[in-house]
Structure formats: structure tokens, C-alpha cells
Amino acid sequence: MQTEHKIILANSQQMPELADSSIHLMVTSPPYPMIKMWDTQFATINPQIARLWQKLEADGEEETVTQIYDAMHETLSRTWRETHRVLVDGGIACINIGDATRTLNGKFRLFPNHSRIIEHCEKTGFTTLPYILWKKPTTKPKYKGKGAFLGSGFLPPNAYVTLDCEFILLFRKGKLRHFPPNDPRRYESAFTKQQRDEWFTQIWDVIGTRQTTSQIERRTAAYPDEIVNRLIRMFTVKGDTVLDPFLGSGTTVKLAMQNDRNSIGYETDEKLLPLIEKKLTPEPATCKLSIINREN
Ligand SMILES: C[S@@+](CC[C@H](N)C(=O)[O-])C[C@H]1O[C@@H](n2cnc3c(N)ncnc32)[C@H](O)[C@@H]1O
């Protein structure tokens, strides 16, 4: 099957390149609010966040911490609103997100990103579906720069629980998708009983991608092919179109290519282009890839 793939170098808060109701599935992993490695990006995309960090340095107020956290989620929610517009009725949105632990103003705390995203997506009009917990043994909390089980050694009560899981949140726009009776695309896209039993359980034990030592590759925080492969197979049929509004290294487009689905990825960081091209090479003969820079 011939498929088309577009990489759009632009901010996904607005996706004027996409018509209403033209996308069947969104699979993505955004920058995680309150995880230090994404601070600069949030501050660049939303300069109000940069000003709030300066304010926190000056006033050390708890209220300012809340304002920063709120502003980060408001920044992401613009993309969730655009996604809702472009999804077809019955289209699914899958968002991989981790909660964050961080010490601010001398206080260690949890920032429950998954619950904030659920709130924002529900306000946008999405219906929340049962979500997946991706068990990821590499995520260790750090307290005062130390390792996993710290706070007070073996003595109660001041130690913290380790965050071992990330979330794959699932949402639907509108009602269930409908297909004509005996639609061959649906039957050709069926999964096996073994796949169904493994994929439709709540806890996924999938090994994370090994991050390379290259600065730029580490910065993308790529998710594993297996996660995206499952989500595309679970929630689309062959010939559908998949969107990733936070493309990073191009994992979603790569898996769409391999599964006979069309795809579109948005990415603001042009420096990732060589990495994306490397990941998508050699592209299957049946895939047409185009790269669009909105600025040009
Ligand atoms: C967590 S990474 C995605 C990693 C990706 N799943 C992969 O496998 O490589 C998030 C990406 O979103 C990009 N990004 C952040 N805000 C964006 C926005 N508003 N529009 C488009 N891309 C954005 C960042 O540059 C970063 O590459």
C-alpha cells in the first residue's frame, strides 16, 4: 500500500496545514512539565514561563511554583485543542507522559502531570478511556542529588516511593468510529489473540530505548518502537493517518511507515532533522516522505 508522510518543522499549537477531521490517531510524548531537561523549551515556547522562573527566584513563593506548573500545562493544552479539531469523530489520542518529582523552594514534591493532562483534555471535549501504565524501571527519583530510596535510609517515615511507571493516556473524540459491514481494511488490520491479550492489559512491561551519549539524541527522550507499534495497530486500520505533534526523533513516523499508515509529525527543533532523516532511512519503497518548513 502506498502511504504519505509529512514532517512539518513548526509549532503544533497551531496546525493550519491540517483540515478539520482529517486524522485518525494521535500518538505522542510531549515535553514533560517540571522535568528540568524541558525547562528551557517551555520558557522559549511560552515567554511567560521564563518570567515566572525569574519571579520564583526573587520571591520564593509557593504560588509562583503553581503558576509555572499551570502555565506549562496551558502551553501543552493548546496542542491538545488543535488535536481535537483535526481528529475524526471516533479518533483516538494517546499521550505518553510521566509525572515529575522535584525540589523547589527547599520542598520535595510530586507534580502529577498525568492528572493535569486528563483535566485539560476533558475540558477540550475528549472522553477519557482506561489508560496504560508503562512499567519503566529506569525512572529513579532523586532527592538532594542522591539516588533512589533516600530521605532517611531505613528509618521511617521520611523516604519516598520510586516512580516506576509512565502513563499512556487514552482519549476518544466523539462517538465510536463506524465502518461499512465487512470492510476489508479492518480485517486486514486485525491483531492476533496473543497480541490482543498482551496489548489490551493495563500494565506494559516494555524496555525503554537505550539513550545514546550524543547530546542531541538524549534530548529527544525517544520512546521505544514497540510502544508506538502497539498503539498504531490497536487504534487504526491500514491506510489511516497518524499524527505526532511532538515528533522528536521521528519514531511515530517510522512505525506508521512500517504499518501501512500515513503520518504527519510536527517538530519545532530543526536541529533534529538529521536525526529524523537517519531514523527514517532507508524509507520503504511504498512511502513518500516530504519535509515542510512552515517558515519558508
Ligand atoms: C519528548 S520529545 C518526543 C520524543 C519522541 N517521542 C521520539 O520518540 O523521539 C518532545 C519533542 O517535542 C518537541 N516540541 C516541544 N514543543 C513543541 C511544539 N509546540 N510543537 C512541535 N514540537 C514541539 C521538542 O522539540 C521535542 O523534540
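This is a short tour of one predicted model, stop by stop.

**Stop 1: the sheet**

Show the strands. Nine of them, 9 strands in total, form an open sheet. Trace the order S8-S6-S7-S3-S2-S9-S10-S1-S11. The pairing is mixed.

Which strands stand at the edges? Select strand S8 (203–204) and strand S11 (287–293). Each has a single partner strand, so one side of each is left without a neighbour in the sheet.

Next, select strand S3, residues 87–97, together with S7. These two strands pair in the antiparallel sense, over 6 bridges. For one bridge, click Ala-93 and look across to S7: its partner there is Phe-171.

**Stop 2: helices on the sheet**

Select helix H4, residues 113–124. Helix H4 lies across S3, S6 and S7. Compare its direction with S7: helix H4 runs at about 10° to that strand.

Now select helix H8, residues 225–235. Helix H8 packs on the sheet too. Which strands does H8 touch? The list is strand S2 (23–28), S3, S6, S7, S8 and strand S9 (241–244). The direction of H8 makes about 160° with that of S2.

**Stop 3: aromatic rings**

Show the side chains of the aromatic residues. The structure holds 8 aromatic pairs. A pair of rings is described by two things: the distance of the centres and the angle of the planes.

Start with Phe-108 and Tyr-160. Their ring centres are 4.1 Å apart. Their planes stand at 40°, so the pair is tilted.

Where do these two residues lie in the chain? Phe-108 is in strand S5 (residues 107–111). Tyr-160 is in the loop between strand S6 (127–135) and strand S7 (165–172). The pair therefore ties together parts that are 52 residues apart in sequence.

Turn on the surface and check each partner. Phe-108 has 15% relative accessibility, so this residue counts as buried. Tyr-160 has a relative accessible area of 31%, so this one is partly exposed.

Move on to Phe-191 and Trp-199. This aromatic pair is edge-to-face. The rings are 5.9 Å centre to centre, with 70° between the planes. Is Trp-199 buried or exposed? Trp-199 is buried, with a relative accessible area of 4%. Phe-191 is at 29% relative accessibility and counts as partly exposed.

Keep both selected, and add Phe-200 and Phe-235. Phe-191, Trp-199, Phe-200 and Phe-235 form one aromatic cluster.

Then pick Trp-204 and Arg-230. Arg-230 lies over the face of Trp-204, at 4.8 Å from the ring centre.

**Stop 4: a loop residue**

Select Ala-190. This residue is found in the loop between helix H5 (184–188) and helix H6 (193–199). Ala-190 is partly exposed, with a relative accessible area of 47%.

Draw a distance line from the C-alpha atom of Ala-190 to that of His-84. The two atoms are separated by 26 Å. Along the chain, the residues are 106 residues apart.

**Stop 5: salt bridges**

Show the charged side chains. How many salt bridges does the structure hold? There are 19 salt bridges.

Zoom in on Asp-20 and Arg-85. They form a salt bridge, and their closest N and O atoms are 2.7 Å apart. Asp-20 lies in the loop between strand S1 (3–9) and S2. Arg-85 lies in helix H3 (residues 62–86), so the pair ties together parts that are 65 residues apart in sequence. Asp-20 counts as exposed, at 52% relative accessibility. Arg-85 counts as partly exposed, at 25%.

Add Glu-82 to the selection. Asp-20, Glu-82 and Arg-85 are linked in a network of salt bridges.

Finish at Asp-240. Asp-240 is buried, with a relative accessible area of 0%. Its side chain meets that of Arg-177 in a salt bridge, at 2.8 Å from N to O. Asp-240 sits in the loop between H8 and S9, and Arg-177 in the loop between S7 and H5. This pair links distant parts of the chain, 63 residues apart.

Now add Arg-185. Arg-185 also forms a salt bridge with Asp-240, the closest N and O atoms being 3.5 Å apart. Arg-185 lies in helix H5 and Asp-240 in the loop between H8 and S9, so this pair ties together parts that are 55 residues apart in sequence. Arg-185 counts as partly exposed, at 28% relative accessibility.

Terms used:
Residues are numbered from 1 along each chain as its sequence is written. This is a predicted model: local features need pLDDT of at least 70, side-chain atom pairs count only at pLDDT 80 or more; totals for chains, interfaces and linings use all residues. Side-chain values use heavy atoms; hydrogens and water are left out. Rings of Phe, Tyr and Trp (its six-membered ring) pair if their centres lie within 6.5 Å; planes under 30 degrees apart count as stacked, over 60 as edge-to-face and the rest as tilted. Helices (H or I, at least four residues) and strands (E, at least two) are DSSP runs, numbered from the N terminus. Buried means under 20% relative accessible area, exposed over 50%, partly exposed in between (1.4 Å probe, protein chains only). A charge sits over a ring if NZ of Lys or CZ of Arg is within 6 Å of the ring centre and within 35 degrees of the ring normal. Two strands pair if DSSP finds at least two bridges between them. Contact means heavy atoms within 4.5 Å. Axes are lines fitted to C-alpha atoms, for helices over the stretch in contact, and angles run from 0 to 180 degrees between N-to-C directions. A salt bridge is a side-chain nitrogen of Lys or Arg within 4 Å of a carboxyl oxygen of Asp or Glu.
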